[in-house]
Amino acid sequence: MTAPATDHVRAATQEVGALLGQIIREDDPAAFERIETVRRLAVARHFQGATGELPALLEGLSADAAFKVVHGFACFLQAANAAEDAMQARRASLSEDAIRLDDVLDALAKEGVAEDEVRALLGEGLIVPVFTAHPSEVRRRSVLEHAQAMRETLGALAHPDCGPDAETLSETLLRETALLWGTRLLRTVKPTPDDEVDNAVAVMRASLLSAIPALYEAWERRLGPELPSFLRLGSWVGGDRDGNPFVTGEVLRRALARQAEAVLGHYLEEVHRLGVSLSLAEDLAPPTPELKAFADSLADPPAHQAREPYRRALTLISARLAATYQALVGRPAPRLAAARADPYSAPDALVADLERLLSSLRRTNARAFARGPLPKLLRAVRVFGFHLASLDLRQNAAVHERVVAELLAKAGACDDYLALDEAGRRRILLAELAHRRPLVSPLVCYSEETARELGVFRAAAEARARFGPAALGAYIVSNAGAVSDLLEPYVLMKEAGLFDPVEPSAPLPVEPLFETIADLRAAPEVLAAYLETPLVAGLMRGANARQEVMIGYSDSSKDGSYLTSSWQLHRTSAALAALADAKGVRLQLFHGRGGAVGRGGGSSFEAIVAQPPGVLRGRMRLTEQGEVIANKYADAPLARRSLETLACGVIAASLRPASADMSAADVEAMDAIAEASRTAYRGLVYETPGFADFFFSSTPIAELSELNIASRPVARQAARTIESLRAIPWVFSWSQARVMLPGWYGFGAATQDADLERLKAWWRGWPFFRATLRNMEMVLAKADLAIGARYAELVADVDLRGAIFGRIRAEWDRTVDRLLAITGQTQLLEHEPRLAEAIKGRAPYIEPLNHLQVELLRRRRAGEDDLKLHEALLMTLNGIASGLRNSG
């Protein structure tokens, strides 16, 4: 009988824990005894209700002792994550815990959906995970690499056929555990945008370059050959300037060159492998005339290839790839070419050469070459081109308006653009977009901000010409609240040669990002006015009649509560789809999801399936950011599982017959509940005097800014206000204090007077409501208000502390009680025992870090200025985030 999945996770976790303990004992016996004492007390406190001893012990630790304890527990949590991921991958490989395309297609078939309909959907489809550099990944790349090695080794050890390799694998696991213990967990310097590009490209190269072609090959076994390349990659890393002045035109150029380096290097290696294997002689396996002619065009072929046309063809392809590498990357290819040739002008030319090879092989033996390395390489070129991932550009609307205002003023076109109302701004912008006359003059000196922005647009124009149209994705405007916000980028594109107003086309489509609750509510009106603008209406013709809209989960949740945000996003998505249909435009949504539930995290599959009927239609982009990237894409098997889950969700949501629409009464009731949640949330966060002081004192938000996890600042301005904070540190800080407030606050107050039977019916039959509550339940299970109360003790004002934390605790009780009543459970996660076991099992190892963090915060804020203490404090941030896994 197969052991339960939780048993495998527990056994693997115990194994790495024992190894780590062995290494610590040998390295520092005193530290081991101290860590072991803390562990025993934490387990007793958590499982047996013992109190008092653990906080007292931790309060008496010296800075050096605290450092070792923190490092030990943080290392254990890294190792536990590796064990959990390894067993998760094992379950997926055994089909115990995976969402498969076959299963989704079988389920759709039972509902009357034929596979031809799936192919037709994918023929027009587009599914794109978009990597961002948003700062919630606390782990150094070195730590990630050791954790990845541990994960792979544990996975191999769990395989029943590892046999004689078991001893070697055990030695590898011991070595990687020792390396983890001996590695500093914190970055010593803040990463630059170039570092962030390197990190993102490293993940793409390590897993996605192989995982995506392999997925297509597997899917074609079921859906037939020549499946459209609907699954692609996107990135913001090197193009997202919103709030990050360090991302410049030069960074954009280097980002695309780095991506080209990775993908072209991959192609060169694959072509070399094909050259080794395709040893076919022309008299034994005659090539097609087309391939023979292509192979014979190689000047001065190597003598040993005289009668091997496939190898000659591959030598020529390799030479052209090496020349392309030199042209796009700016230095010689890592593998020396055996011949000289011109570079490829575009990926299509490489596709044509590879297709010539494959066609010849298949004429000889179609079955033998139906799948394998060459078809996978062809698929890779079709998906990745020479750019690897399409790079979006993003900037805040406020920056555009300042830059355009300066250009207009210095060109004498408008003295004070910022003083104009919306109608006046539109008139000026459309007038500038009616001719080719430039605003920018080489004789004029511009501000640093304007010069930097113009530099980015020029770099984008160069990149598109150099790397091809697919190298750039979309131009995203944050805080887009008016049509003028969406026209200003066209003016700046015109100055760089990216937009020609006389022969208008949109090679870099402009799209709004609606983030706050108010912006989401106004989104249909803004989009309608934008699409009705004659310039934009002219762009929306034929195949170009498609408009992408990005919707933001993070800021909407920070603005108005998790429940209100979730519902408003749902409502806005449906409204935008209806509007686009009425305008004859195809809508494509771009979901700006984060890792934490308070930022749109949770199960991707459930979130996608819960989208409003008729919205997706086979097309969806979504952000993947922070710790989520390593958690979902660290290696090829993990990436395949994550991508298949994503694709299955989009296919199921697009083709599954729609259930009965919610009644008008249901929608009205949900509107009222969402508004009540918003009122309760904003009443606490934005309308309670002293709340900002409570937050800044009771969480490590100030210390978070000292953690070197991103090139972007923590806040938009230096003010000590909630409004100035970015959503990521807002959520991250509440997670550290184990209150998790952004993921649940307001639900209890909003539902306490609602019709319980109606809520139960929603839970049973409404995918949106069920997915929302399941995510919230996970957050509640990870929270611990007893620990949160210790953080609240850091607030010096006793009355303020008691008043605000009392409100938080009361709302917590209401929320948990109401959730259990709706779901019919007696305790949280009763219906998800595996997740409950995982959270329960690691809680005793996170809790000591919380108690130590409170103690170290107290000492630090009291003026104790010890470097070791400071490093230990920052390391608690790292350890708690790793233990919670989706804290940012």
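In the predicted model, Phe605 is in contact with Ile99, Thr645, Cys648 and Gly649, when its neighbours within four places in sequence are left aside. Phe605 belongs to helix H23, which spans residues 604–609, and its relative accessible area of 18% places it among the buried residues, because buried is taken to mean a value under 20%. Between Phe605 and Ser642 the separation is 37 residues in sequence, while their C-alpha atoms lie 9.5 Å apart in space.

The second largest pocket encloses about 1,200 Å³ of space. Its lining comprises 42 residues, of which Leu126, Gly473, Pro509, Arg546 and Arg619 are the closest to the centre of the pocket. Several strands each supply at least two residues of this lining, among them S1 (126–132), S3 (390–396), S4 (472–478) and S5 (510–514). Strands S6 (546–552), S7 (586–592) and S8 (619–625) likewise each provide at least two lining residues, as does helix H20 (534–539). By residue class, the lining of the second largest pocket consists of 21 nonpolar, 11 polar and 10 charged residues.

Two helices were examined for the placement of their buried residues. In helix H16 (residues 422–432), the buried positions are Gly424, Arg425, Leu429 and Glu432. When H16 is viewed down its axis, these buried residues fall within an arc of 125°, and they therefore line one face of the helix. The elements that cover the buried residues of H16 include helix H15 (397–410) and helix H18 (483–496).

In helix H31 (residues 756–765), Leu759, Trp762 and Trp763 are buried. Seen down the axis of H31, its buried residues are confined within an arc of 100°, so that they line one face of the helix. An α-helix has 3.6 residues a turn, so residues three or four places apart point the same way. Arg764 and Gly765, on the other side of H31, are exposed. The cover over the buried residues of H31 includes helix H26 (664–685) and helix H30 (747–751), together with helix H32 (767–782) and helix H34 (798–823).

A further helix pair is formed by H27 (residues 691–698) and H29 (residues 727–736), which pack at an angle of about 65° with their axes 10 Å apart. Helix H27 contributes Phe691, Phe694 and Phe695 to this contact, and H29 contributes Trp730, Ser733 and Trp734. The residues of the contact of H27 with H29 divide into five nonpolar and one polar, with no charged residue.

Positive phi values in residues other than glycine were also noted. Met740, in the loop between H29 and H30, has a positive phi of about 55° although it is not a glycine. With a relative accessibility of 8%, Met740 counts as buried. Asp300 likewise has a positive phi, near 50°, and is a residue other than glycine; its position is in the loop between helix H11 (289–296) and helix H12 (309–329). Asp300 is exposed, because its relative accessible area is 72% and exposed is taken to mean over 50%. The two loop residues thus stand in contrast as to burial, Met740 being buried and Asp300 exposed.

Terms used. Residues are numbered from 1 along each chain as its sequence is written. This is a predicted model: local features need pLDDT of at least 70, side-chain atom pairs count only at pLDDT 80 or more; totals for chains, interfaces and linings use all residues. Side-chain values use heavy atoms; hydrogens and water are left out. Axes are lines fitted to C-alpha atoms, for helices over the stretch in contact, and angles run from 0 to 180 degrees between N-to-C directions. Helices (H or I, at least four residues) and strands (E, at least two) are DSSP runs, numbered from the N terminus. Contact means heavy atoms within 4.5 Å. Ala, Val, Leu, Ile, Met, Phe, Trp, Tyr, Cys and Pro count as nonpolar, Asp, Glu, Lys and Arg as charged, and the others, Gly among them, as polar. On a 1 Å grid over the protein atoms alone, a cavity is a set of points where a 1.4 Å probe fits but cannot get out, and a pocket is an open set with protein on both sides within 12 Å along at least five of seven lines; lining residues have an atom within 4 Å of a point. Grid points are joined across faces, edges and corners, and a volume is the space filled by probe spheres set on the points. Buried means under 20% relative accessible area, exposed over 50%, partly exposed in between (1.4 Å probe, protein chains only). The arc is that of the directions from the helix axis to the C-beta atoms.
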